[in-house]
Amino acid sequence: MNKLQFHSSLAEKGIVLNETQMQQFESYFRELVEWNNKMNLTAITDEESVYLKHFYDSVSATFFHDFTKQLRLVDVGAGAGFPSIPIKICFPQLNVTIVDSLNKRISFLQHLATTLKLKNVSFFHDRAESFAKKKEHRENYDLVIARAVARMPVLAELCLPLAKVGGLFLAMKGPEVVNEIADSKKAIATLGGKVVRNESLLLPFEESTRHFVFIEKSKKTPNSYPRKPGTPNKQPL
């Protein structure tokens, strides 16, 4: 997907990028490649693949939910900024928080936000399990989002405690997600959530399937969750 195809494909979905936003994506690509020479941010570095598999893939989450509002969004395990930074570029009014366990990735993201002149973006070097225990973050977000971080039973424990009651957790997953949803029913219910939608699309050109699982936070998460760092992955609910 070249830059023109990226812009036109988003425009078909009602997301019309202005010149500033187009330049922000171009700068994002340049910074990603440059920093990737110093640290392992991504295995995907050619321009057309980055625009398709990182930028378009990230923004595709917005095809299924209204991102035009003043949402407080937290991205768990964002890595090199996906999906929240491409979404933020397209919807500048969003208040975005990113938490990641590797400080070097946070350093890249802080530099990126400065370079792209992004406002209302906060970065935290922390484990998701510890982050969700903090009063100022716990059950404080309209939307919690995660892209290819862990299997659903684990991901639910990391993310649902951050969603406010009435808010949403959006898991961006691949084609294996149907089995993951079945395996995570107990975990999601225990944590105060319920699956309300599972949307899907074919990524253009590549035609691989992407799923967008929306989990509504219907009641407060018990205080005992998330468990201590590492436990959700070793002993999924």
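Okay, Leu10. Skipping neighbours up to four places away in sequence, Leu10 touches Ile15, Leu17, Tyr56, Val59, Phe63 and Cys90, where a contact means heavy atoms within 4.5 Å. Before I go on, this is a predicted model: local features need pLDDT of at least 70, side-chain atom pairs count only at pLDDT 80 or more, and totals for chains, interfaces and linings use all residues. Residues are numbered from 1 along each chain as its sequence is written, and side-chain values use heavy atoms, with hydrogens and water left out.

So where does Leu10 sit? Leu10 belongs to the largest nonpolar core, which has 53 residues. Phe6, Leu10, Phe25, Tyr28, Phe55, Ile85 and Phe108 are the ones that touch the most other members. By nonpolar core I mean a set of buried Ala, Val, Leu, Ile, Met, Phe, Trp, Tyr and Cys residues joined through side-chain atoms within 4.5 Å. Buried is under 20% relative accessible area, exposed is over 50%, and partly exposed is in between, with a 1.4 Å probe and protein chains only. There's another core apart from that one, with 28 residues, among them Val99, Ala128, Val144 and Cys159. In soluble globular proteins, nonpolar side chains tend to be buried together.

Now the whole chain. We have ten helices and seven strands; these are DSSP runs, helices being H or I with at least four residues and strands E with at least two, numbered from the N terminus. The C-alpha trace spans about 45 × 35 × 30 Å along its principal axes. The radius of gyration is 17 Å, which agrees with the value near 18 Å for a compact globule of 237 residues. That rule is 2.2 Å times the number of residues to the power 0.38, and the radius is taken over C-alpha atoms. Of the 237 residues, 56% count as buried. And of the contacts with a separation of 6 or more, 70% come from residues 24 or more positions apart.

Next, helix H7, residues 152–159. How many of its residues are buried? Eight of eight. Those are Met152, Pro153, Val154, Leu155, Ala156, Glu157, Leu158 and Cys159, so yes, there's a Glu among the buried ones.

Two of those H7 residues come back when we look at Ile188, over in helix H9, residues 185–190. Ile188 touches Met152 and Ala156, plus Leu160, Gly193, Lys194, Val195 and Ile215, again not counting residues up to four places away in sequence. Is Ile188 buried or exposed? Buried, because its relative accessible area is 3%. Ile188 and Leu237 are 49 residues apart in sequence, yet 8.8 Å apart in space, C-alpha to C-alpha.

Last topic: backbone oddities. The peptide bond from Phe82 to Pro83 is cis, with omega near 10°, and Pro83 lies in the loop between strand S1 (72–76) and helix H4 (84–90). Tyr225 and Pro226 are also joined by a cis bond, omega about -5°; Pro226 is in the loop between strand S7 (209–217) and helix H10 (231–234).

Then there's phi. Asn120 isn't a glycine, but its phi is positive, about 55°. Find Asn120 in the loop between helix H5 (103–116) and strand S3 (121–125). Glu207 also has a positive phi of about 55° without being a glycine, and Glu207 sits in the loop between strand S6 (193–202) and S7. Glu207 counts as exposed because its relative accessibility is 58%.
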